[in-house]
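Please open the model in your viewer and keep the selection panel at hand. The stops below proceed from the ligand to the charged side chains.

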Amino acid sequence: MRGTVARGDQTAANTHLDGQRTPGRDRARRVAYTVLRAVAQRDSYANLLLPRVLTEQGLSGRDAALATELTYGTLRNQGTYDAILDTCVDRSLRSVDDEVLPLLRLGAHQLLAMAVPAHIAVSATVNVARRIVGQQRARFVNAVLRRVGARDREAWLAILAPDHSRDPVAGLALRHSHPEWIVSALAEALGEQTDTPTDLTETRHLLTAHNERPLVSLLAKPGRATVSELVAEGAHPGRYSPYAAELNEGDPARMELVRQGHAAVQDEASQLVALALGRVPLHGRDQRWLDVCSGPGGKAALLANLAGQSSARLLAAEVRPGRAGLVAEALRGTVADAGRVVVADGTRPPWQAGAFDRVLVDAPCTGLGALRRRPEARWRRAPESLADLVPLQIDLLDQAVAAARPGGVVAYVTCSPHRAETTEVVAAVEARRGDIERLPAVDHILSVVSHTPPSEDEPTHHAVQPRHTEQAQALTGLAAGSHGEFAQFWPHRHGTDAIFLALLRRRE
Ligand SMILES: C[S@@+](CC[C@H](N)C(=O)[O-])C[C@H]1O[C@@H](n2cnc3c(N)ncnc32)[C@H](O)[C@@H]1O
């Protein structure tokens, strides 16, 4: 299974990007610098900006691959590089301005993680510096990078990383380039102790997985596209979700089915939690579905198309009007026109209590489960954000349960494995209300995984046929919570984002 075995370091992954200096490679370095600077100065998102800059600069093939590796690799390893750079500048790294700092990080990545000869890594980066920040600052970049290149990554880590037996969290944080608070939170979610001398083996595997390039997962929207059609466009079938395909390389936005809105980029764990909600057996009415926090509309699109196949309807709510617009876009062309969007605050809902049969709360969260795909996110979040997020998550889930009819089902989902945002939120809402029954989330996910989707002309999504059980067997290690009643996906175990699911039934 991909993602289970942690790869030692990033160096081996990049040997194909040889270190010649050609005009294309130099442009790739400038593209990476443009994105890194925008991330540092304007809080831009690399995954949104990079494709735009690549298109603007007309980069494709190996040069685009180099720009992508330089951008993502530098952002992922930023913590490690900053610690090394800090010892290579005469003053504090904090005093280096945000036009020059991305150049130093970019150079450090080529020197310490890529198979680029040191003299090319330095001269090519200094060349970019000269064009953008001027001769004087380029000389500074040159001097610092020469010091960085004096040792390889392991030699630097041997000097800088705290002794593992003394401070395992700080050691892992430096070696794998994560803030310490995130390492501690992830270790706790994995059930590993951080307050006693320990090797934190699984935490290390998870951090390693965060620094590897994930494959692009695609969703064939139910009733609108099939996995076979995505395969015909160059993808291969996904591992678990009956609607998933994966793309090894290439830009998914260029695929015909994606351009037409019949398919979309979506992690397999995200698909499975939405499918699990859509498939939980219900007694009685099953017509009204609600997605409380729907922007930008990934799960809403899946659910609305499922709903449309069984004459149910989805209401997709989103508090931010701009994001509600994205949801409307994602719902365009839904089977049986089964999706509607409303701008609404899920903590003060405009809908009637008890009106819905199935409810999804995909709550705003720290996003610690998607660190593979959003390489800058680990440096943006602070533990203090939990003080705002957790009360909001509790209110949203409380109101979501109130929105469900007695016997209706609620899925509480986060893209974070942090306990404060997952099991503890469910427990807090249960303590507030007396009408919640926990359903076995893993069983419902496995039942989704072991079934084949209906063919296009099948009238209802409930009519499913058994699929191979291999996929279900590969999904071990999913159970979370004191009795294993919740599901927690993990990048290093399942090759997916770390998505959490609690399935709750409102008691009759
Ligand atoms: C994790 S994202 C949802 C992702 C989405 N389900 C998808 O699959 O594409 C959380 C969303 O909740 C929205 N949100 C935050 N607070 C909200 C509130 N009080 N009511 C409704 N939506 C809210 C955010 O703007 C954000 O778009």
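The tour begins with conventions and then moves from selection to selection.

This is a predicted model, in which local features need pLDDT of at least 70 and side-chain atom pairs count only at pLDDT 80 or more, while totals for chains, interfaces and linings use all residues. Residues are numbered from 1 along each chain as its sequence is written, and side-chain values use heavy atoms, with hydrogens and water left out.

**Stop 1: the ligand**

Select the ligand together with its surrounding residues, where a residue is near if one of its heavy atoms lies within 4 Å. There are 19 residues around the ligand, and E318, R323, D345, G346 and D362 come nearest. By class, this shell holds eight nonpolar, five polar and six charged residues. In this scheme Ala, Val, Leu, Ile, Met, Phe, Trp, Tyr, Cys and Pro count as nonpolar, Asp, Glu, Lys and Arg as charged, and the others, Gly among them, as polar.

Next, display the polar contacts (pairs of N or O atoms within 3.5 Å). At D345, a polar side-chain atom lies 2.8 Å from a nitrogen atom of the ligand. At K299, a backbone N or O atom is 3.0 Å from an oxygen atom of the ligand. At C293, a polar backbone atom lies 3.2 Å from a ligand nitrogen atom. Taken alone, the ligand exposes 600 Å², of which the protein buries 87% (Shrake-Rupley method, 1.4 Å probe).

**Stop 2: D267 and its two arginines**

Which residues should be selected with D267 to show its salt bridges? A salt bridge here is a side-chain nitrogen of Lys or Arg within 4 Å of a carboxyl oxygen of Asp or Glu. Select R372, whose closest N and O atoms with D267 are 3.5 Å apart. R372 lies in the loop between β8 (356-362) and α17 (377-380), and D267 in the loop between β4 (263-265) and α14 (268-279), 105 residues apart; helices (H or I, at least four residues) and strands (E, at least two) are DSSP runs.

Then add R373, which meets D267 in a salt bridge at 2.7 Å, N to O. This pair ties together parts that are 106 residues apart in sequence.

Colour by relative accessible area (buried under 20%, exposed over 50%, partly exposed in between; 1.4 Å probe, protein chains only). R372 is buried at 4%, D267 is buried at 7%, and R373 is partly exposed at 23%.

**Stop 3: further salt bridges**

Move to R254 and D251, whose side chains meet at 3.7 Å, N to O. R254 is exposed at 58%, whereas D251 is partly exposed at 36%.

Finally, select D395, D398, R432, R433, D435 and R506, which are linked in a network of salt bridges. The whole structure contains 32 salt bridges.

Conventions
Polar contact = N/O pair within 3.5 Å; in protein donor to acceptor, adjacent residues only side chain to side chain.
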